[in-house]
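Open the model in your viewer and keep the selection panel at hand. Each stop below says what to select and what is there.

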Amino acid sequence: MLSVEEALALVLETATPLPPATAGLAEAAGLVLAEDVPADADQPPFDKALMDGYAVRASDVVEAGRPLRLAGTIHAGEVAAGALGPGEAAAIMTGAPMPAGADAVVMVEHSEERDGAVRLRPPRAVAPGQNVLGRGRVYRLGDRLLAAGDLLTPPRIGLLAAVGHAKVRVVPRPTLAIVPTGDELVEPDQVPGPGRIRNSNAAMLAAVAIGRGLAPRVGPIAADEPAVLAQALAEGLESDVLLVTGGVSAGRKDLVPAALESRGVRQVFHKVAMKPGKPLWFGSGPGRGDRPGTLVFGLPGNPLSGLVGFLRFVGPALGRLAGRPEADETVPARLAADCTQHGDLTHFRPAALASPPGEAGEPAAIELLDSVGSADVLAAARADGFAVLPPGDRVFRRGEIVRFLPLR
Ligand SMILES: Nc1nc2c(c(=O)[nH]1)N[C@H]1C(S)=C(S)[C@@H](COP(=O)(O)OP(=O)(O)OC[C@H]3O[C@@H](n4cnc5c(N)ncnc54)[C@H](O)[C@@H]3O)O[C@H]1N2
Ligand code: MOO
């Protein structure tokens, strides 16, 4: 059976970045840029006042207390009609272009205006350039400000707006469909009859996807019946990623792998040496024009199995489709108590943060939670993530550092 690491490597090998598309700035936030972006002008485009006050010639005001003749007012958005002469000052507002001849701004708080003249109060020296941001000090026309591959953080969205890129080429957000399967399931607003349970996986997995900026399409419960399943899968295969929950292990109604393969989805692997989540199925659908084949994850029906499958495999695949650099989604954490691990599977144990990271860079401490297994939705609801215990028989000691897969 594949190890978790081998399975993850196969997932990342199969996933390729989506072809670039054009997006407006609101949709582009959080996506990866697919073009280089040059400056369309100097920034600021003129010598700019940084304070409300008076534009002056610094050399005029070195003599303490000498009054300057008030020669007009420049608001932001206006341009001074003429140059500032010797011995003159112009009232100026933050963001306004400096008049020619002026080289400094005196804050209004440091001045007194009376009878058409301005004085410094108390008298002080004024240095050239004071409270002025020179033209092109932020960037210059033609400078490369952003590059293909940059993640569009909020300030980068602001920068795109500043250079007039109201639309931009990006690696688009992957589309994701969720198909819950199982005759035993009823929707959350129904009361389950004998032998039946509510479909909690679809809402949970959709919530993980929404938390990552996606807009998942959640299908209705597909019955364990080949024709129904085939129809549900056909719709799911229109998305970049399809999550099917349930029906992937050895039961007589575990029809999902065969149904996927009959729709042209090539199996990459089935089963991973992990607990929970061992029966995980992964494959790749037929190509869709310029878009790569749908990545299909057959997540085991048990809620914690599906959740761990998402965090460990689907999340990194979504990152790859969105053109993000590979990131280890696990972090180091310190065990708050001893624990025992045995067997040949990687165990993902629900765990809660017990104390924050230490000042000396010591990782956060985690406490393993009691859990009755992969159907324990309450343990998952109390967890901040999963401690990752590698295969092998051993005792992990309190204070030992292990990997932690945060719930996000
Ligand atoms: N003979 C074997 N039996 C099982 C094996 C195995 O290797 N050999 N693996 C076990 C493991 S581990 C898991 S995990 C489950 C996975 O089974 P399936 O993916 O086929 O899932 P189902 O049988 O459909 O469901 C399992 C369990 O989860 C509940 N479930 C299903 N869907 C939902 C949902 N949407 N919301 C909430 N709960 C759901 C379902 O009712 C079952 O209780 O197989 C073991 N068996
Ligand atoms: O994963 Mo099964 O994943 O142990 O219930």
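The tour goes from domains to pockets and ligands, then to some backbone details.

**Stop 1: the domains**

This is a predicted model. Colour the protein chain by its domain assignment. Domain 1 comes in two segments, 4–18 and 172–321. Domain 2 is also split, into 24–42 and 146–171. Domain 3 covers 48–133, and domain 4 covers 331–406. Now place a centroid on the C-alpha atoms of domain 2 and another on those of domain 4: the two centres are 39 Å apart.

**Stop 2: the largest pocket**

Select P276, N302, P303, S305 and S374. Of the 40 residues lining the largest pocket, these are the closest to its centre. The pocket volume is about 770 Å³. Which domains does the largest pocket lie between? Domain 1 and domain 4 both contribute lining residues, so the pocket lies between them.

Next, show the secondary structure around it. β16 (197–198), β20 (274–275), α7 (303–321) and β25 (346–355) each put at least two residues into the lining. β25 gives the most, with four. Colour the lining by class: 14 residues are nonpolar, 17 polar and nine charged.

**Stop 3: ligand 2**

Stay where you are. Ligand 2 takes up the space of the largest pocket. Select its shell: K275, P276, G277, K278, N302, S305 and S374. By class, that shell has one nonpolar, four polar and two charged residues.

Now turn on distances from the oxygen atoms of ligand 2. These contacts are worth labelling:

- G277: a polar backbone atom lies 2.4 Å from a ligand oxygen.
- S305: a polar side-chain atom is 2.7 Å from a ligand oxygen.
- N302: a side-chain N or O atom is 2.9 Å from a ligand oxygen.

**Stop 4: ligand 1**

Select ligand 1 and its surroundings. What are the closest of the 19 residues around ligand 1? They are E184, N199, V248, S249 and G301. Two of these make contacts to label with oxygen atoms of the ligand. For G301, a backbone N or O atom is 2.9 Å away. For S249, a polar side-chain atom is 3.0 Å away. Then pick N201: one of its backbone N or O atoms lies 3.2 Å from a nitrogen atom of ligand 1.

**Stop 5: the second largest pocket**

Select G315, L318, G319, R324 and R408. They lie nearest the centre of the second largest pocket, which is lined by 24 residues. Its volume is about 520 Å³. α7 is the top contributor here, with five residues. Domain 1 and domain 2 each supply at least three lining residues. The classes are 12 nonpolar, four polar and eight charged.

**Stop 6: backbone details**

Most residues other than glycine have a negative phi, and most peptide bonds are trans. The next selections depart from that.

Go back to P276. The peptide bond from K275 to P276 is cis, with omega near -5°. P276 sits in the loop between β20 and β21 (281–284). Then move to the bond joining Q43 and P44, which is also cis, with omega about -5°. P44 belongs to the loop between β3 (37–38) and β4 (48–49).

Finish with phi. K271 is not a glycine, but its phi is positive, near 90°. Find K271 in the loop between β19 (266–270) and β20. N131 has a positive phi of about 60° and is not a glycine either. Its loop runs between β10 (117–120) and β11 (132–133).

Definitions and conventions
Residues numbered from 1 in each chain as written. Chains lettered and ligands numbered in written order. Predicted model: local features only at pLDDT ≥ 70, side-chain atom pairs only at ≥ 80, totals over all residues. Heavy atoms only, no water. 1 Å grid on protein atoms, 1.4 Å probe; cavity = no way out; pocket = protein on both sides within 12 Å on 5 of 7 lines; lining within 4 Å. Points joined across faces, edges and corners; volume = space filled by probe spheres on them. Nonpolar A, V, L, I, M, F, W, Y, C, P; charged D, E, K, R; others polar. Domains from an automatic or database assignment. Near = heavy atom within 4 Å. Polar contact = N/O pair within 3.5 Å; in protein donor to acceptor, adjacent residues only side chain to side chain. Sits in = over half its atoms within 2 Å of the grid points.
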